[in-house]
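Got the viewer up and a selection box ready? Here is a walk through the model, one selection at a time.

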Amino acid sequence: MNVAVLVQQLINGLAMGCIYSLVALGYTFIWNAVGIVNLAQGDFVTMAAFLYAATLSNKLGFGFGLSLLGVAAFMSVFGMGAERVVYSPLKDAHPRAVMLSTMALGIFLSNLYIIVWGPYPVTTAGPFGQGVIHFGEVSILKQNLFVIVITGILLILQWLFFRRTTLGKTMRAVAQDREAATLMGIETHRTIAITFANSSILAGIAGILLAPLFMVSVDLGMVGSKGFASCVIGGFGSIIGATVGGILLGTIEIFVASFLSSRYKDAIVFLILIFFLLVRPQGILGKKAGESL
Amino acid sequence: MTEARKRELERTVSIIVFVLLTLAPIFVRSQYPFFVLCLAVINGIAVMGLNFIFGFAGQLHMGVAAFLGIGSYAFSLAAVKYGWNWWAAAILSIIVVGIFSLFLGFPTLRLKRYYLAIMTIGFQEITRSVLMNWSSFTGGVFGIQNIPRPSLFGLQFTDNRLFYYLALILSILLYLLAIRIERSRFGRALRAVRDDELAAEAMGMNSTFLKVFAFIWCGAYSAVAGTLYASFQQYVSPELYTSAYSFSFVSMLVFGGIGSVPGAVLGATALTVLMELLRFMKQWYLVIYAAAIIVIIVYEPYGLMGILTRMRTKRLAAAELSEGARDASL
Amino acid sequence: MGTILEVSRVSKNFEGVQALTNLDLSVSEGEIRAIIGPNGSGKTTLINVITGIFPPSSGRIIFNGEDVTNFPAHHRVRRGMARTFQNLRLFPTMSVIEHILAAQYIHAKVGLFGTILPSKEGSLEEAQMYERAMEILSFVDLADRAAMPAVSLPYGQRRVLEIARALAADPKIVFLDEPAAGLSADEINSLEKLLRRIQERGITICLVEHRMMLVMSVAEKITVLNYGEKIAEGPPEKIKDDPEVIEAYLGRELASELDKSGE
């Protein structure tokens with residue numbers, strides 16, 4: 001095993017991990033705002049990937065920048081709509097009712113994709129095609145570097161949004177204590193809708209970054225489970241945890257796939273997740289007594 | 001509605017469903033509808049299993065088909081590859097699925113959060129890919145053929161009709177068992193955990209034990225359903241145990257009534273038939289199912305059993321009212 | 001009378017917030033103890049730590065001569081601790097009697113097979129549980145409500161049902177977290193009588209309460225907490241005049257409550 005291969009796989013792993021981080025952040029924001037896990041998150045990723053690959057890029061010939069804007073706009077509206085349908089009517093019901101409805105939404109969507117975009121996987125070149133950059137012996141897919149850069153920029157934007165803007169601060173207030181926020185005159189419903197929109201945009205961007213790297217099919221929904229696993233590994237509910245967990249999981253996965261077994265990589269990643277639940281259920285960055293009742 | 005009235009309604013519903021299932025073969029002549037009928041009974045067993053963990057313990061389980069699949073494969077491999085006796089293979093299947101349930105259930109369910117849903121989604125995909133890829137053991141995409149039918153007291157269940165009645169009898173026995181568990185102290189404790197886990201623990205209940213207990217029952221029922229499924233079709237392949245199948249089980253329970261054993265059987269029977277009638281719609285039927293789930297969960301969280309309970313309450317209230325009026329007129 | 005509960009040097013720290021500091025508490029068998037203190041003084045935290053909802057950061061809890069500090073909540077209940085909650089936590093899908101039946105779960109002897117398969121012992125035990133449930137409900141005067149859904153009870157009776165549910169676990173000690181909250185004066189009177197009758201059954205009571213009227217008349221000894229520390233302990237008459245206690249309540253809350261209880 002030489003160093004070049006190691007570095008190469010590390011970059012690939014980081015890129016994969018960035019995508020998981022984006023999905024994981026989507027879970028985290030919704031979890032913090034309303035205390036539920038959106039089981040359709042993975043199918044949101046698939047939707048954006050299809051929308052970008054099959055429609056915007058392959059059919060309409062949009063460039064990457066325009067597609068990005070288009071997908072983000074669509075996902076924000078879609079996210080708010082989803083909140084209306086699967087969360088809002090059930091906000092006083094038990095969380096398990098909401099989980100059930102988000103799960104049903106996921107099934108609804110993934111079967112709808114097959115109707116809209118057909119049963120066959122779609123491929124798209126993306127902005128860089130199969131372009132490769134060489135650093136000495138190390139050759140890296142441009143798309144992978146691009147994923148890392150875009151995710152980096154996105155994380156900074158998210159941070160600025162939550163720290164510097166009034167809307168972002170309001171959303172943090174709602175996430176910390178919904179009742180108190182209501183008493184302070186914050187329209188919690190609106191902020192919850194925007195939280196769903198924000199999580200959907202993150203899932204959407206994960207989808208379009210992923211599309212050129214994989215064949216786009218409903219099986220991409222698996223990214224949802226990986227994003228969730230990232231949350232658990234990093235520490236559920238922790239924003240930094242979601243990011244770190246995602247990057248860690250992506251890296252582990254790529255290493256397992258290239259040095260152990262590509263067939264059973266999902267099974268091995270799942271075993272790691274079970275191990276975490278057993279040994280450190282609060283995740284890497286979670287607090288010891290972090291289990292809320 | 002009081003406990004006694006609820007039990008009375010449950011008894012009525014279950015008797016009607018089981019009588020209909022007993023009589024149904026008389027009206028069915030050709031092979032295909034018969035196949036559907038058998039599937040309805042087998043699905044009923046799996047949905048009763050799901051009801052343990054989702055209905056009684058309140059934990060959404062999205063991977064019943066995976067456990068069904070493990071049950072099918074454990075049984076089929078033992079019976080075909082190693083030539084085990086049918087019943088011994090069936091028992092092995094229950095044990096194997098029970099171990100898998102423990103393996104997945106313990107780490108997940110000891111936490112107070114609702115992690116089971118997504119853990120089972122992941123487990124579902126992994127089970128399918130392992131069944132597919134481990135060709136040397138599982139037969140890969142080709143699956144396993146020539147799975148035997150059982151024999152009992154010299155009776156050979158090679159005839160589909162006979163096999164159907166065997167499945168139905170098992171289903172009735174498992175129904176009675178589920179009702180017994182529901183009404184036992186374990187059933188009450190499970191409901192307490194579902195309703196308020198913290199309060200249940202403060203009453204001395206070990207919530208982790210109870211949830212894992214429910215999950216293992218779910219596994220055992222799935223194993224029986226998986227065994228019957230494999231033996232009925234005499235063939236298994238990984239493609240049978242999809243996440244769509246898992247989702248169908250959840251739909252059946254939601255449709256029939258979450259938390260109700262007769263609701264589970266009712267929902268499974270009704271939706272299995274409906275699913276076959278809607279088969280020509282291809283993908284659309286799942287789209288419609290999913291949309292229906294959202295509507296049901298918002299407007300009628302207890303499904304058909306909820307509607308029946310409400311109708312019964314209304315009628316009883318009306319009867320009392322008219323009785324009152326008669327008393328007044330006297 | 002021996003000591004049933006011995007809490008020694010217990011501290012609890014929540015993410016940097018010190019909720020309890022080196023707290024000692026010793027409760028004798030059969031007494032009615034009240035724990036009072038201003039809001040946020042750590043009363044509920046103390047109950048949560050003693051009953052095992054969460055572990056203490058440091059310190060030990062000895063119950064009935066046994067160190068239970070690291071026992072999970074359900075083990076402590078089996079050894080004779082029961083409790084109620086400040087915000088009612090009844091089971092929303094259960095009837096009144098089902099609450100009491102469910103709470104007897106831990107003391108059932110017949111195993112899984114005896115319970116699930118038809119058996120003589122199983123049905124006998126079930127009948128005994130039912131009988132005992134009715135006995136407990138009559139004890140708290142809820143027998144006529146047995147078949148009703150618990151959520152349909154008026155508020156005061158729901159509070160009583162929580163106490164009944166705790167009694168069904170057959171405790172040696174019960175922790176009552178503000179049982180009088182939201183009750184009318186009449187209801188508090190009958191609650192007081194109920195507490196005395198529970199004491200007559202030989203059950204130790206640990207009462208966290210804001211309503212001084214009740215505390216002063218029913219408690220034999222009062223422990224006062226402030227900012228997670230014990231600032232006073234003694235019989236009601238002594239606590240009434242303790243300057244530090246009055247200070248802790250900012251001179252107002254307690255004084256006005258004391259006036260009321262003096263009426």
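How many residue pairs are in polar contact between chain B and chain A, counting pairs with both at pLDDT 80 or more? The count is seven. Keep in mind as you click around that this is a predicted model.

**Stop 1: chain B against chain A**

Select chains A and B and colour them separately. The contact set to highlight is 42 residues of chain B and 44 residues of chain A. Together the two chains bury about 4000 Å², with 78% of that on carbon and sulfur atoms. Now show B:Arg113, B:Tyr114 and B:Ile118 as sticks: they supply 16% of the area that chain B buries against chain A, more than any other three residues.

If you go looking for salt bridges across this interface, the rule finds zero. For the backbone view, pick out α4 (86-109), α5 (116-133), α11 (243-256) and α13 (283-299) of chain B, the elements that give two or more residues to the side of chain B that touches chain A. Colour that side by residue class and you get 32 nonpolar, five polar and five charged residues.

**Stop 2: chain B against chain C**

Hide chain A and bring in chain C. Here 29 residues of chain B are in contact with 32 residues of chain C. The pair buries about 2800 Å², 63% of it on carbon and sulfur atoms. Select B:Arg185, B:Arg188 and B:Met203, which supply 28% of the area that chain B buries against chain C, more than any other three residues.

How many salt bridges are there between chain B and chain C? Three is the count. For an example, zoom in on C:Glu98 and B:Arg191, whose side chains meet in a salt bridge at 2.8 Å, N to O. Switch on polar contacts too: across this interface the rule finds twelve residue pairs, both at pLDDT 80 or more.

Which helices should you colour on chain B? Try α7 (160-183), α8 (185-195), α9 (197-202) and α10 (207-233), each of which supplies at least two residues of the side that touches chain C. The biggest giver is α8(B), with eight residues. By class, this side of chain B has 16 nonpolar, three polar and ten charged residues.

**Stop 3: helix α3 of chain C**

Stay with C:Glu98 and select its whole helix, α3 (residues 96-103) of chain C. Eight of its eight residues are buried, C:His99 and C:Leu101 among them. To see what does the covering, show α1 (3-27) and α8 of chain B along with α5 (120-139) and α6 (155-168) of chain C, which are included in the cover.

**Stop 4: C:Arg76**

Next, select C:Arg76 in helix α2 (residues 73-78) of chain C. What is the nearest side chain of opposite charge to C:Arg76? That would be C:Asp67, 7.6 Å away, and C:Arg76 is buried yet has no salt bridge. Follow the side chain instead to the backbone oxygen of C:Phe71, which it reaches at 2.8 Å. Leaving aside neighbours within four places in sequence, the contacts of C:Arg76 include C:Val49, C:Ile61, C:Val68 and C:Met81.

**Stop 5: two residues in chain A**

Bring chain A back and select A:Thr102, in helix α4 (residues 95-117). Is A:Thr102 buried or exposed? A:Thr102 counts as buried because its relative accessibility is 0%. Beyond its neighbours within four places in sequence, A:Thr102 is in contact with A:Ile36, A:Val37, A:Asn38, A:Leu39, A:Ala40 and A:Val86.

Then hop to A:Ala33, in helix α1 (residues 3-34) of chain A. A:Ala33 counts as buried too, at 8% relative accessibility. With neighbours within four places in sequence left aside, A:Ala33 is in contact with A:Ala175, A:Arg178 and A:Thr195. Want a distance to try? C-alpha to C-alpha, A:Ala33 and A:Phe270 are 27 Å apart in space and 237 residues apart in sequence.

**Stop 6: positive phi in chain C**

Finish with two backbone oddities. C:Arg9, in strand β1 (residues 3-14) of chain C, has a positive phi of about 50° although it is not a glycine. C:Tyr227 sits in the loop between β9 (221-226) and β10 (229-234) of chain C, and its phi is near 45°, again positive in a residue other than glycine. C:Tyr227 counts as exposed, because its relative accessibility is 67%.

Key
Residues numbered from 1 in each chain as written. Chains lettered and ligands numbered in written order. Predicted model: local features only at pLDDT ≥ 70, side-chain atom pairs only at ≥ 80, totals over all residues. Heavy atoms only, no water. Contact = heavy atoms within 4.5 Å. Buried area = accessible area lost by both parts, 1.4 Å probe. Salt bridge = Lys/Arg side-chain N within 4 Å of Asp/Glu carboxyl O. Polar contact = N/O pair within 3.5 Å; in protein donor to acceptor, adjacent residues only side chain to side chain. Helix = DSSP H or I, 4+ residues; strand = E, 2+ residues; numbered from the N terminus. Nonpolar A, V, L, I, M, F, W, Y, C, P; charged D, E, K, R; others polar. Buried < 20%, exposed > 50% of the residue type's maximum accessible area, 1.4 Å probe, protein only. Lys, Arg positive; Asp, Glu negative; His and termini not counted.
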